[in-house]
Amino acid sequence: MNGPVTPTAAASVAERPVPLDAVRFAPEGMLGAWQHRNAEATLPHCIARLEAGGALPNMRRVTGEHAGPFVGFHFSDSDIYKVLEAVGWEAGRSDITPLLPWVDETVDLLQRAQRADGYLNSHFQVDAPDRIFADLRWGHELYCLGHLLQAGVAWARTVGRTDILEMGLRFAALVDERFGPSCEAGVCGHPEIETALVEVHRVTGDERWLRLAEVFVDRRGHRSVGEDRFGYHYFQDHTPVREVTDATGHAVRQLYLAAGVADVAAETGERALLEADERIWRSAFGEKQYITGGLGSRHRDEAFGDPFELPPDRAYAETCAAIAGFQFSWRMLLATGDGRYADEMERALINAIAESTSLDGTCFFYSSPLQLRTHRDGVHEQAPSERAAWYECACCPPNLARLLSSLHGYAATVADGRLRLQLLTDCTVDLGATGVGSGLLHVRTGYPWDGDVVLRFDEPFTGRLEVRRPAWATEVAVDGVPATDAGYLVLDGSTSPLSEARISFGMPVVVRAPHPRIDAARGTVAITRGPAVYCLEQADLPGGVVLEDVAVDPAAVWSVDAAPIEASGWGAPALRGWARVRTPDAGETYAPWHPSVPGGDEIDVRLIPYALWGNREPGAMRVWLPVR
């Protein structure tokens, strides 16, 4: 059973994903518990909201079963497709019988709504039939098709169901006839279809879909979307892909495009495309990424800013951007085998992506600031001061659902007869399914909150296993011996079969300073432990203390709270230390400068993982803490 990204046998890649059913997360681990919550709470919630939020009624307008007005954004069809995809991946790992009636009813609705020529779009078919394919810049028709195709891929790969894929192929054939290699030039204003087309090629073996993906990549950057108030950079249509030097424009669009470019490069072997992606990746993750893994610093256009333009309190950091960054890094990991890409997947997953969902799995952040001020009123619909059950632009919750239901597919890779563990979590790996041995590998760990990892083999293992050594891990031991391996820890059973191995990642609390060019965070520090970023919430301060008045000593000692944080279900610990409460100069917004003298009341403070903030009550929060 293949997962979301499965390069063909001929693809130019350094790593290949293991089969989707080769890895099973244990419910005791963070990722397993999160995946279970996604199946039990998030998926049913998304299904209910597709109805209440208007996406499904919009589609019924096409069949004449609903007479109301169109509700929401005109690309709401994509939310239906993402939820279908999420259920499809879930079908590969658990019993989805209770959800099947909804799936069957929805597929039947889509089939009846689809035109004879393959076209399917609830907005244009009813409200603007004369505008079909007339506005690729903002129409999102190809974007929606991409998500329909990916839903089809999920069901075809997990249970062999092909009716969703067949619908998508009929629509894709129409697009190919209109915009294919020898046809009208045009690209979608929102990249996404490129990854879908390559994956359809991988499922069907039909070169037609790879060629169409190539065409869309080749046409990007020739300013075909037309003039717009946001400019060509917003659509990544300012420069041909092979000449791009940095990440720019709308963050989700950029990252989806880069992922599609990586897929095309893998199947064609074109080095120039991979080199362009490497430049985009270095720009996005080296100069424009928040410490939490969030991407995109500008609210106005949901876009990347300039290098090191990373304001904590104005961070947009859309959840979909963090997910898109995760997907882009995964493809770069497959292409190159370089563990730094997995490091950034982990950073986003443990922080920016995990933070997006409430502990009950039914409320979500659209944007993910690193600071919420005490008097924040949350009037911006896409950037509220607390998680919301749904959004008018509801792209993020279904995106989370589809990632989580397929997350085990990103845990490990194989190449040259050896297995690599990329995501560390409590899980079981079927070695026979991976092709590197027989029996089961049991991974037992409290990671990312605990640095101890125990690997047990059902049968003596005579192959080669490599475990990613995160870049933050400066002290690592394997079976009690300090490890010097960089990138991946090598466990070789060829000379002495392995039955068990123990890895220990030292997880001290680390106080981190921002890059000197991040002006908005100058004079502050962030506290991390392992891959987790911590934050201070108003809820953990004494009454009468305002969060903005709290300052820390970078040299102070932070201790790990022995008791896991209540209600998280993850075994995540808090950190405890002390800080001072500064007294602002009364009445003077801009007082004369004078040398800083430590002062103010000393208080005990408790930090929690950024992933868990906002689960108790609305209130102020900050990651970057002022230095006293």
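Colleague: Are W34 and W570 buried or exposed?

Modeller: W34 is buried in this predicted model, and W570 is buried too.

Colleague: What makes W34 and W570 an aromatic pair, and why is the pair called tilted?

Modeller: Their ring centres lie 6.1 Å apart, and the cut-off for a pair is within 6.5 Å. The angle between the planes is 50°. Stacked would need under 30 degrees and edge-to-face over 60, so tilted is the word for W34 and W570. By this rule the count comes to 23 aromatic pairs.

Colleague: Nice. Why does the pair tie together parts that are far apart in sequence, and where do W34 and W570 lie?

Modeller: W34 belongs to helix α1 (residues 30-52), while W570 is in the loop between β18 (559-564) and β19 (573-581), so the pair links parts 536 residues apart in sequence.

Colleague: Which residues form one aromatic cluster?

Modeller: That cluster is made of Y119, F133, F171 and F179. Both F171 and F179 also appear among the buried residues of α8.

Colleague: How do you know that α8 is largely enclosed?

Modeller: Twelve of its 17 residues are buried, so the rest of the structure largely encloses α8. The span of this helix (residues 163-179) fits as well: 24 Å is expected at 1.5 Å a residue, and the end C-alpha atoms are 24 Å apart.

Colleague: And what makes α14 mostly covered?

Modeller: There, 13 of the 15 residues are buried. Helix α14 (residues 339-353) reaches 20 Å from first to last C-alpha, close to the 21 Å expected.

Colleague: How do you know that the charged end of R420 sits over the ring of Y488?

Modeller: The charged end of R420 is 3.7 Å from the ring centre of Y488, and the distance limit is 6 Å. R161 offers another case, with its charged end over the ring of W155, 5.5 Å from the centre. The rule also asks for a position within 35 degrees of the ring normal.

Colleague: Why are α7 and α9 called roughly parallel?

Modeller: The axes of α7 (residues 141-158) and α9 (residues 193-204) cross at roughly 30°. Angles under 35 degrees count as roughly parallel, and α7 and α9 are therefore given that label. Their axes come within 8 Å, and the crossing is left-handed.

Colleague: Then why are α12 and α14 called oblique?

Modeller: Their axes cross at roughly 40°. Roughly parallel needs under 35 degrees, and roughly perpendicular runs from 65 to 115, so α12 and α14 are oblique to each other. The axes of α12 (residues 271-287) and α14 come within 13 Å, and this crossing is left-handed.

Colleague: Why is R223 called partly exposed, whereas Q236 counts as buried?

Modeller: The relative accessible area of R223 is 44%, and partly exposed lies between the limits of 20% and 50%. Q236 has 3% relative accessibility, and buried means under 20%. R223 is in the loop between α10 (207-219) and α11 (251-268), and Q236 is found in the loop between α10 and α11.

Colleague: What is phi of R223 and of Q236?

Modeller: Phi is near 60° for R223 and near 55° for Q236. Most residues other than glycine have a negative phi.

Colleague: Why does I603 count as buried?

Modeller: Its relative accessibility is 11%, and the limit is 20%, so I603 is buried. I603 lies in strand β20 (residues 601-609).

Technical notes: Residues numbered from 1 in each chain as written. Predicted model: local features only at pLDDT ≥ 70, side-chain atom pairs only at ≥ 80, totals over all residues. Heavy atoms only, no water. Phe/Tyr/Trp six-rings, centres within 6.5 Å; stacked < 30°, edge-to-face > 60°. Helix = DSSP H or I, 4+ residues; strand = E, 2+ residues; numbered from the N terminus. Buried < 20%, exposed > 50% of the residue type's maximum accessible area, 1.4 Å probe, protein only. Expected span 1.5 Å × (residues − 1). Axes fitted to C-alpha atoms, helices over the stretch in contact; angles between N-to-C directions. Parallel < 35°, antiparallel > 145°, perpendicular 65-115°, else oblique. Left-handed = near helix turned anticlockwise from the far one by under 90°.
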